[in-house]
Amino acid sequence: MKRVLSQGVEIAYEEAGRGDPALVLIHAPFGNRSHFAAVFDHLAKRHRVIALDLRGRGESAVPADGCRIMDLAGDVRAVCHAAGVDRAVLCGHSLGGTVALQVAALEPGLVAGVALLDAVVLFPESLRRQVLERLVPALAGSDWLAALHGYMASRMFGPFDPPEVRARIAQEIATFPAQMAAPLMHDGMNSDFSEQLAAGRYPLLFVHAHAPVDLELLNQLRPDAIVASVAASGHFLTLIVPDQVNAILDRFLAILPLAAARQ
């Protein structure tokens with residue numbers, strides 16, 4: 001375990017394997033780096049892999065105030081710089097995918113590719129407006145945890161998801177810092193991230209599982225994007241079907257040089 005300061009907050013990360021570019025695994029802010037355990041172990045056999053705990057999660061420190069996606073992007077950049085990473089494939093799950101897009105926008109020279117795992121991008125405007133008008137105010141109130149549990153239970157799971165995964169997510173949500181919930185959800189739903197996607201000049205992989213992403217719009221914005229789907233999984237695909245995720249990432253990494261040459 002290694003640690004680095006990001007805007008005064010201590011961020012924990014681990015790394016294994018060798019190779020360039022490195023893979024940086026960015027978990028959903030409501031989870032932690034253990035969500036990538038099976039992916040980390042698999043990819044580290046042939047690649048250099050770095051997994052971090054974003055601020056407020058896992059073994060990283062909890063910020064005194066709320067945080068935004070920009071702050072989480074700062075955590076990723078701090079880890080990359082501390083680890084001496086010159087080029088990276090950013091692999092982000094859920095809101096971690098929006099963090100990856102923000103890092104790519106801020107520091108394009110760092111990014112060799114982006115892999116979005118059921119990322120919170122290109123959601124229908126009606127859904128985003130509903131979250132902004134109902135859920136975000138609830139997350140700022142005293143019953144925020146119940147509101148967050150309700151949202152996760154109704155939106156994040158598929159019919160075949162194991163009960164132990166549901167229980168694990170519920171336990172992890174219960175430890176989430178209250179001051180972080182509303183600002184992060186606001187940031188995640190205040191944009192569909194179409195501008196960041198369209199502006200990207202890097203190989204892009206999108207792995208769809210359960211999120212209501214407009215894949216047709218993604219194709220219009222990034223016709224070069226590689227789009228794949230996993231079968232019979234809810235939103236937490238790295239916990240439910242890691243073998244499928246690993247196979248897709250293996251293929252993306254194998255063709256990365258060819259995909260980069262097409263940019």
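What follows is a talk between a biologist and a modeller about the structure above.

Biologist: What kind of model is this, and how are residues numbered?

Modeller: This is a predicted model, where local features need pLDDT of at least 70, side-chain atom pairs count only at pLDDT 80 or more, and totals for chains, interfaces and linings use all residues. Residues are numbered from 1 along each chain as its sequence is written, and side-chain values use heavy atoms, with hydrogens and water left out.

Biologist: How many helices and strands does the protein chain have?

Modeller: The protein chain has eleven helices and eight strands. Both are DSSP runs, numbered from the N terminus: a helix is H or I with at least four residues, a strand is E with at least two.

Biologist: What makes the radius of gyration agree with a compact globule?

Modeller: Set the value against the rule. The rule is 2.2 Å times the number of residues to the power 0.38, and the radius is taken over C-alpha atoms. For 263 residues that gives a radius near 18 Å; the protein chain has 17 Å, so the two agree. The C-alpha trace spans about 50 × 40 × 35 Å along its principal axes.

Biologist: What share of the residues is buried?

Modeller: Of the 263 residues, 57% are buried. Buried means under 20% relative accessible area, exposed means over 50%, and partly exposed is in between, with a 1.4 Å probe and protein chains only.

Biologist: Why is L5 called exposed?

Modeller: L5 has 58% relative accessibility, so L5 counts as exposed. L5 lies in strand β1, residues 2-6. Not counting residues up to four places away in sequence, L5 touches E10 and A78. Contact means heavy atoms within 4.5 Å. L5 and A78 are 73 residues apart along the chain, yet their C-alpha atoms are separated by 7.2 Å.

Biologist: Why is A105 called partly exposed?

Modeller: A105 is at 47% relative accessibility, so A105 counts as partly exposed. A105 sits in helix α3, residues 95-106. A105 and G200 are 95 residues apart in sequence, but 7.4 Å apart in space, C-alpha to C-alpha.

Biologist: Why is F40 called buried?

Modeller: The relative accessible area of F40 is 8%, so F40 is buried. F40 belongs to helix α1, residues 37-43. Leaving aside neighbours within four places in sequence, the contacts of F40 include E14, L25 and I50. F40 and I50 are ten residues apart in sequence and 7.8 Å apart in space, C-alpha to C-alpha.

Biologist: Is Y202, a loop residue between α8 (194-199) and β7 (204-208), buried or exposed?

Modeller: Y202 has 7% relative accessibility, so Y202 counts as buried. Leaving aside neighbours within four places in sequence, Y202 is in contact with L101, A104, V111, G113, V114, Q196, R222, D224 and Q263.

Biologist: What is notable about the phi angle of S94?

Modeller: Phi of S94 is positive, about 60°, although S94 is not a glycine. S94 is in the loop between β5 (88-93) and α3. At 8% relative accessibility, S94 counts as buried.

Biologist: Where does L122 lie?

Modeller: L122 lies in the loop between β6 (111-117) and α4 (125-139). Phi of L122 is near 55°, a positive value in a residue other than glycine. With a relative accessible area of 2%, L122 is buried.

Biologist: Which residues does the cis peptide bond near 5° omega join?

Modeller: The cis peptide bond joins D20 and P21, with omega about 5°. P21 is in the loop between β2 (9-16) and β3 (22-26).

Biologist: Which residues have the most contacts inside the largest nonpolar core?

Modeller: They are V76 and M185, in a core of 99 residues. The largest share of this core, seven residues, comes from helix α2, residues 69-82. A nonpolar core is a set of buried Ala, Val, Leu, Ile, Met, Phe, Trp, Tyr and Cys residues joined through side-chain atoms within 4.5 Å. Not counting residues up to four places away in sequence, M185 touches F30, V131, L135, V136, L139, L148 and Y151.

Biologist: What share of the contacts joins residues 24 or more positions apart?

Modeller: Such residues account for 74% of the contacts with a separation of 6 or more in the protein chain.
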